[in-house]
Amino acid sequence: DDSEYTEVTYLSDMNQEKVEGTNGHANDNNSSDCTEVVSTLNGNTTGTENVKNREQGLLVTAPNDDVSKHDDTRIGDKVIPEPSERPKIITTQAKSPEKILADNTVDIEPLKVDWIDPPPEQASLIAAVLSTSIGRRSNACGTIKMIASNKKKAAALARTRILLDALILAINDGSQTAEEKELFLEAQARATIAISHLSEVKENRVLLAQHPGLVKTLIDVIKIDKGEARVAACRSLVMMSKIQQNKTTIVKTDGLVALFADIMSGRYDKHTECGGKAGISSSFSSAHSNSNGGSRSQCQSRGNSSRGGSMTIRQCKSARYQEFLSLACVNCCAAFSHLAKDCASSAILCKDEAFISALLSLCSNTRTPMFKRCLELLAHLTRFSGNCEVLASNGAIVQVLVTSGKAKCLEERLCALRSFQNISAVCAESRMILAADSVLGPLVSAAFEGTKDEQEASLGTILNLALETGTLVSLTNTKNFTAVLIHIINSADASSTSCERARQILRLIANW
C-alpha cells in the first residue's frame with residue numbers, strides 16, 4: 001500500500017542515492033513520482049560518463065577545452081598541479097508537475113463484479129434487513145456484522161447479490177417511529193460496522209468505493225452520528241483510500257475533505273449536546289486502549305453505577321463521546337495520509353483552505369496528541385513538486401517547520417528538515433522564499449550540531465538553495481556558513497555524503 005510514496009532524489013558520484021522520505025524508508029518502485037533534484041558536481045568525470053549522465057538528467061561537470069594547460073607550481077618541496085579544467089554546470093529541466101500527473105494518472109474503469117446468489121441462510125438475513133420490522137432488521141445486521149468480521153468469508157459476502165444495497169437501506173431508512181429510534185440507531189451502527197469489516201479485505205475496497213451510494217452513505221453517517229457508527233464509517237473510508245484506484249474518487253467526493261478536516265481539528269462538533277467544545281487531548285490514550293471496544297455492556301455498567309439502571313444507546317454514545325471522537329480524528333488523519341501519497345490527491349488537498357487550516361492548527365500545538373501525525377502528513381504534501389511553491393508561500397507552514405526543526409524530538413527535527421529538502425528541490429520561487437535568515441540559521445546549526453541524518457538533510461536543503469543564484473548572497477551572509485562547510489569537509493565524523501554535499505556547495509558558490 002506504500003507503493004505510491006514519492007520522495008526527493010539526489011544524484012551523487014554517478015550513482016543515484018535515494019534520500020529517505022518522512023516515513024523512514026525509500027521507495028524504488030515509483031521514482032517517476034518523485035521530486036527530482038540534480039545536484040552532482042564532479043571534477044573528474046570523463047567525457048563518456050558525461051554523455052551517459054546527460055541522458056539520465058544528472059548535473060555533471062564537463063571539461064572546458066578552451067582552458068589552456070598550466071605549468072606546475074612548486075611550493076617548498078611539494079609540487080602543486082594547477083587544474084587543467086574548471087567546473088562547468090550543465091543544467092537540466094526537471095519534470096513538470098503536469099507531466100508527473102499525466103504519467104501517473106490511473107484510469108478508473110468500472111469494476112466487473114461476479115455477483116453471487118446468496119445461500120438460503122444469507123437470503124433470509126437479507127430479507128430481514130429489508131423488512132419493515134426494525135427489530136428484525138437490527139438482529140439481522142448484527143448477524144451480518146459477525147459474518148463480515150471473518151476475513152475468509154468477507155470477500156464472498158461483499159459480492160453477495162443485494163447485500164450491500166440492503167446495508168445501505170438499513171443505514172439510511174428514516175421511516176421508523178419515535179419508539180423505534182433506539183433500535184434504528186442500533187441497526188445503523190451494526191450495518192456501518194459490517195461495511196467496515198468488509199473494507200478490511202483488500203479485494204473488497206474498489207468494489208465498495210464504486211458501489212452506487214455507498215461512499216455518500218458513509219459521509220452522511222459521519223455527519224449525523226457521534227458514536228461508534230461514525231468511527232466505523234471513517235475507518236471504512238481509510239481502508240478504501242489505501243487503494244490507488246480509489247484515491248481520486250474519494251478526495252473529489254463533495255464535502256469529504258472539509259468534513260474530515262473539521263473532525264480532525266475538533267471543529268465539527270464544537271457545539272453539540274454530547275460534549276460541548278470538542279477536543280481530543282483528554283481521552284486520546286483511552287481511545288486507543290478501547291479501539292475495539294464500544295460494547296453495549298460497558299455502557300450498561302456505567303449506567304448501572306451512576307443511575308442504578310441501564311443507559312440508552314444515545315446516552316451511551318454521549319458518555320463515550322470523547323473516546324469515539326478521538327478515534328474518528330485518528331482515522332481522518334490516516335485517510336489524509338493515504339491520500340497525500342498520491343500526486344493528484346495531494347495537489348487537491350494542498351489547495352483546500354479548510355484542510356490546510358486544520359493541519360496548521362494541529363501542527364502549531366505541540367501538546368496535541370495528533371501533532372506528530374499531522375507533521376508527517378505535512379511532509380507527505382511536500383513530496384509532490386507541484387505543491388512546493390504553495391507550501392513555501394504560506395508563512396505559517398514555514399514557521400511550523402522552523403519550530404519543529406528545533407524540537408527536542410529527533411523524529412520531529414528530521415521530518416521538518418526533510419520537508420525543507422523537498423520544498424527546495426525544484427521550484428526556483430520556493431528556493432528564493434526559503435533563503436531567509438529565519439530558515440538559513442537553523443539549517444546551518446543543524447548541519448553543524450545535528451546527527452548524521454540531520455546533517456545530510458540540512459546540507460541537502462542548502463545545496464538545493466545554492467543551485468539558485470539569487471540565494472547565494474543570503475547563504476554567504478549567514479553566520480558561520482562557510483566555516484561550518486569547511487568544518488564538515490575536514491571532519492572525521494561526517495559521512496561521505498555530507499562531505500560531498502559541502503564540497504558541492506562551496507564549488508557552486510566559487511563558480512558564481
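What percentage of the 512 residues of the chain count as buried? In this predicted model, 49% of the residues of the chain count as buried.

**View 1. The whole chain, with its helices and strands.** The chain contains 28 helices together with 5 strands, and its exposed surface comes to about 23,700 Å², of which carbon and sulfur atoms supply 49%. When contacts between residues at least 6 apart in sequence are considered, 71% of them join residues that are at least 24 apart.

**View 2. Helix 12, residues 256–265, and its surroundings.** Of the 10 residues in helix 12, 7 are buried, so this helix is largely enclosed by the rest of the structure. The buried residues of helix 12 are Leu256, Val257, Leu259 and Phe260, followed by Ala261, Ile263 and Met264. Just after helix 12 comes glycine 266, which takes a positive phi of about 85°.

**View 3. The crossing of helix 18 and helix 21.** Helix 18 spans residues 353–363 and helix 21 spans residues 395–404, and their axes come within 10 Å of each other while crossing at roughly 30°. Because angles under 35 degrees count as roughly parallel, helix 18 and helix 21 are therefore described as roughly parallel to each other. Helix 18 passes helix 21 in a left-handed crossing.

**View 4. The residues that join helix 18 to helix 21.** On the side of helix 18 the contact is made by Ile356, Leu360 and Cys363, while helix 21 contributes Ala396, Ile397 and Val400. Sorted by type, the residues of this contact between helix 18 and helix 21 comprise 6 nonpolar ones, with no polar and no charged residues.

Technical notes. Residues numbered from 1 in each chain as written. Predicted model: local features only at pLDDT ≥ 70, side-chain atom pairs only at ≥ 80, totals over all residues. Heavy atoms only, no water. Axes fitted to C-alpha atoms, helices over the stretch in contact; angles between N-to-C directions. Helix = DSSP H or I, 4+ residues; strand = E, 2+ residues; numbered from the N terminus. Parallel < 35°, antiparallel > 145°, perpendicular 65-115°, else oblique. Left-handed = near helix turned anticlockwise from the far one by under 90°. Contact = heavy atoms within 4.5 Å. Nonpolar A, V, L, I, M, F, W, Y, C, P; charged D, E, K, R; others polar. Buried < 20%, exposed > 50% of the residue type's maximum accessible area, 1.4 Å probe, protein only. Areas by Shrake-Rupley, 256 points an atom, 1.4 Å probe, with all protein chains shown as cover.
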